[in-house]
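Trainee: I've got a model open and I'd like to learn how to read it. Can we go through it together?

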Amino acid sequence: MPVCSLNELDTPALVVDLDLLEGNIRKMADFFAEREAKLRPHVKTHKCPEIALMQLRAGAKGITCAKLGEAEAMAARGVDDILVANQIVGRKKIERLLELLGKCNLAIAVDDPSNAQTISDMALSAGKSVDVLIEVDVGMGRCGAKPGKEALQLAKKIAQMKGINLRGLMGYEGHAVYIENYGERRSECLKALNALLGTKSLLEEDGFEVGVVSGGGTGTYDITGSYPGVTEVQAGSYATMDARYKKVVQEFDCALRVLTTVISCPAPGRAVVDAGMKSITTEFGLPVVKGVEGATVSRLSEEHGILKLEEGAKLCLEDKIELIPSHGCTTVNLHEKIFAVRGGVVESVWDVAARGKSA
Ligand SMILES: Cc1ncc(COP(=O)(O)O)c(C=O)c1O
């Protein structure tokens, strides 16, 4: 696409401010530069190989994916060190996992002995072996073996399986990352880390080598990233950020926006833009209007965004308005392209290559 200005883009369009994106990536890279823990950013947030490669060039040791499909899309664009922080269950998926093994360094999470056994058996038959981390439920109440004895039991069973290699532990403190009060967030996060590192000690007392301890999100990167024994942090949202996370972590900037056009000004105090729920998600709240004093989003329907205008606020037909999503990860998943903009000029157009790769 030839270089054009932001205002020439057809809308709705997903846009990232390159100065802010690069600033966020640099800030996080600087934090991890001299630490024991390294950054393994979660790419589910942007689903875009170009951004993943920027994070790797800035010093990240690899990436984290939520799904095998995301990992396949990233590996196809040259990302070579991937943790799928999720369970790979069922023969079809495990076949894909074994296929992907030849294309990048790969590890996955396990929390169940029968799933681990199936992976091990299938890997052995294929003449391969799979690196795994035991996922520990550190308080989020999602996947994961219980910390302590249950995780140790699983480790002992895995030790008998010839087709998988136990590399370490993973525990994501997702219940803590959005707590706005820093003291409360820190204390919840430390409880989770005590459980995770306590489990590590238990395994080591039993003779296991626990080379990897992986966890952490954008809300807790500094706490988890400074905790002795943690080897990698999976923060992801920090790169592009969103309006909800901005209330929790102020040091990163909202680089992601949906550019919209005013398509109707049907009544005083109301303007309508061409982005609705099919372009911007609302599960974490309504998007925030950028740079128009007195304008707020009052609701979204499928393809319409209804803006409320205070007295004095004026919008005209064809005006271009940027909306900051409340949840970047799910908003990105609605778009095929990201337009990378600097100083009002579109510098690059990137594929959201892992868009929809939920399988
Ligand atoms: C397993 C896992 N690790 C890390 C993250 C970090 O994400 P964020 O940076 O958005 O807090 C997530 C987010 O959902 C996750 O599920």
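Trainee: Let's start with the ligand: how many residues of each class does the shell around the ligand have?

Mentor: Four nonpolar, 10 polar and no charged residues. Here Ala, Val, Leu, Ile, Met, Phe, Trp, Tyr, Cys and Pro count as nonpolar, Asp, Glu, Lys and Arg as charged, and the others, Gly among them, as polar. Keep in mind that this is a predicted model: local features need pLDDT of at least 70, side-chain atom pairs count only at pLDDT 80 or more, and totals for chains, interfaces and linings use all residues. Residues are numbered from 1 along each chain as its sequence is written.

Trainee: Which residues are the closest to the ligand?

Mentor: Y172, G217, T218, Q234 and S237, out of 14 that surround the ligand (C-beta atom, placed from the backbone, within 6 Å of it).

Trainee: Now helices. Which residues of α5 are buried?

Mentor: Helices are DSSP runs (H or I, at least four residues), and strands too (E, at least two), numbered from the N terminus. A residue is buried if 20 or more other C-beta atoms, placed from the backbone, lie within 10 Å of its own, exposed if 12 or fewer, and partly exposed in between. In α5, A116, I119, S120 and A123 are buried. Seen down the axis of α5, the buried residues fall within an arc of 100° (taken from the directions from the axis to the C-beta atoms), so they line one face of the helix.

Trainee: And which residues are exposed on the other side of α5?

Mentor: S114 and S125. Just after α5, G127 has a positive phi of about 70°.
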